[in-house]
Amino acid sequence: MVRKTFFAIALIIGLQSILQAQDFYDRSGLLKANLTFNQGFMLFHKAPNVYLGGNLEYFPDQNISIRGDCFWYLDSRRENPVLKQSTLVFFGALFHLPKGKSDFYTGIQPGFAFTRPALLSSTDQSYPLRMMPSLALSLGYSFYFSRFCNFFVGVNYFVLRYRGAGNGSLKLDELMISGGLGFHLSTKKQKPAN
Amino acid sequence: MRTISNLLALLVFVSAQAQPLKQKNTPAGIFSLGARTCIGLVNDGQWQRTAFGTGGQFRIQFSDRVNTEWFADHLKADLSDYAWRADTHIGWSVMYYLTKKPQPLVRPYVLAGHCFEYLKFTDNNDGSNFAERWSASVQGGAGAQLNISPRLDLSLAAQYMLHLGTKIKPANTEGVTTFSKSEGLGIHDHILLHLSINYKIADLW
């Protein structure tokens, strides 16, 4: 009985939240954050890497947001990983095309990577941790289903070269897929819906 | 308590950023903050490869058509397959807008300025084998500012940088990498292309 009551209350809160979200159309002043696991695919190596990624995003107006991202390399789903250690930090702007609760976005974020490749059998060379310039290109979609929560799915492409490897650079470009639940908060009083 | 007050201050700040920029008098005094990605085209020798880097800048506008950019960036490149270079620039440029209209979609500009550079060449196989130097430079170029919104722009610029400093030359003979430094000062140049994103934060005066 207690359980049924609990679920009924949760359902009512959920529905109320979704109904409130119908008025939620003006995204200027929105502050967003998320933390999720990311699946990466290296373009020049067979390495399905897993990252923990988070970002903080702010919308100064309806179509523009400023976002900072951070990705921590956790492990590879392959026996001989290409990376031993990697942390990527990006900061840039995204352009949004909002329509109702939906929002498609694309953006560019310059950044840095603190990377140490793993010992590769082909070169047998160990590498130091180095800071490398990087660039992230983003494409994605968010669905604002509630006043405080959203679903998102995105693809990031990272341009990254590790300089100073035995035979020149190591190309560490990576395509990363992320998705999940995000949180947002409006820092500005919302205008009433038309 | 301190955390709560910091969070409240952050909310007040970000809330202010959601409003259109309140211009006090003229565009003079507008302060913007941005990030950039750069490509360095150096023509020092057969061993030189294209450099790629990241950086940031802030801008302070002095009049309707004159803006200033204060930047720092860090670029890295291969020196053939036996060494690599790291360039760190810190400098400033004056930008002169070629159009009178303050907010057209595209606003071209010319720029000129000064910069300091720290350059380091490192052997791929031995991190303790390196050569470094500081240099001063002058730069000039042109760019275009794409005004995406009244507060945000995307700028693409190309500048020619002329450095005055000791010249470093790498060589690799029978697998041994060496770096030689020239006597006295030398002049060497490169082209720097950069794409930047800039956000207008406040009108300071």
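This tour moves through a predicted model, from chain A and its cavity to the barrel, salt bridges and pocket of chain B.

**Stop 1: chain A as a whole**

Begin by selecting chain A and colouring it by secondary structure. One helix and nine strands make up its elements. Followed from the N terminus, their order is α-β-β-β-β-β-β-β-β-β, with the helix leading. Chain A has 194 residues, of which 49% count as buried.

**Stop 2: the pairings of β9(A)**

Next, select strand β9 of chain A, residues 174-186. Show β1(A) beside it: 10 bridges join β1(A) to β9(A), and the two strands run antiparallel. To find the register of this pairing, pick Phe41(A), which stands opposite Leu175(A) in β9(A).

Now add β7(A), residues 149-165. β7(A) is also joined to β9(A) by 10 bridges, again in an antiparallel arrangement. Here the residue to pick is Gly154(A), which has Ser178(A) of β9(A) opposite. Keep Ser178(A) selected, as this residue returns at the next stop among those closest to the centre of the largest cavity.

**Stop 3: the largest cavity**

Turn on a display of internal space. Rolling a probe the size of a water molecule over the atoms shows where empty space is left. The structure holds six cavities of 30 Å³ or more, and the largest of them has a volume of about 170 Å³. Which residues are closest to its centre? Select Asn34(A), Asn55(A), Arg67(A), Phe152(A) and Ser178(A), which hold that position among the 21 lining residues.

Widen the selection to whole elements. Strands β1 (30-42), β2 (48-61), β3 (64-76), β6 (130-143) and β7 of chain A each give two or more residues to the lining. The largest share, five residues, comes from β7(A). Colour the lining by residue class: five residues are nonpolar, 12 are polar and four are charged.

**Stop 4: a salt bridge from chain A to chain B**

Stay on β7(A) and move to Arg163(A), then display Asp78(B) together with it. Their side chains meet in a salt bridge, with 3.2 Å from N to O. Arg163(A) belongs to strand β7 of chain A and Asp78(B) to strand β3 (residues 66-79) of chain B, so this pair joins two chains. Are the two residues buried or exposed? Arg163(A) and Asp78(B) are both buried.

**Stop 5: the barrel of chain B**

Having crossed to chain B, hide the side chains and view the backbone. Eight strands close into a barrel here, in the order β1-β2-β3-β4-β5-β6-β7-β10, with antiparallel pairing. From one strand to the next, the twist averages 25 degrees.

For one pairing in detail, select β3(B) and strand β4 (residues 83-97) of chain B. These two antiparallel strands are joined by 14 bridges. Within the pairing, His74(B) stands opposite Thr88(B) in β4(B).

**Stop 6: salt bridges within chain B**

Restore the side chains and select Asp73(B) with Arg36(B). The two form a salt bridge in which the closest N and O atoms are 3.3 Å apart. Asp73(B) lies in strand β3 and Arg36(B) in strand β1 (residues 30-42) of chain B, so the salt bridge ties together parts that are 37 residues apart in sequence. Asp73(B) and Arg36(B) are both buried.

Extend the selection to Arg59(B), Glu69(B) and Asp153(B). Together with Arg36(B) and Asp73(B), these residues are linked in a network of salt bridges.

Then pick Asp87(B) and Arg85(B), whose side chains meet in a salt bridge of 2.7 Å, N to O. The relative accessible area of Asp87(B) is 4%, so Asp87(B) counts as buried. Arg85(B), at 3%, is likewise buried. A search of the whole structure finds 10 salt bridges over all chains.

**Stop 7: the second largest pocket**

Finish at the second largest pocket, which has a volume of about 280 Å³. Its lining consists of 19 residues, and those closest to the centre are Gln23(B), Ile30(B), Gln103(B), Pro150(B) and Lys200(B). Which elements give two or more residues to this lining? They are β1 and β2 (51-61) of chain B. Coloured by class, the lining shows seven nonpolar, six polar and six charged residues.

Key:
Residues numbered from 1 in each chain as written. Chains lettered and ligands numbered in written order. Predicted model: local features only at pLDDT ≥ 70, side-chain atom pairs only at ≥ 80, totals over all residues. Heavy atoms only, no water. Salt bridge = Lys/Arg side-chain N within 4 Å of Asp/Glu carboxyl O. Helix = DSSP H or I, 4+ residues; strand = E, 2+ residues; numbered from the N terminus. Buried < 20%, exposed > 50% of the residue type's maximum accessible area, 1.4 Å probe, protein only. 1 Å grid on protein atoms, 1.4 Å probe; cavity = no way out; pocket = protein on both sides within 12 Å on 5 of 7 lines; lining within 4 Å. Points joined across faces, edges and corners; volume = space filled by probe spheres on them. Nonpolar A, V, L, I, M, F, W, Y, C, P; charged D, E, K, R; others polar. Pairing = 2+ DSSP bridges. Axes fitted to C-alpha atoms, helices over the stretch in contact; angles between N-to-C directions.
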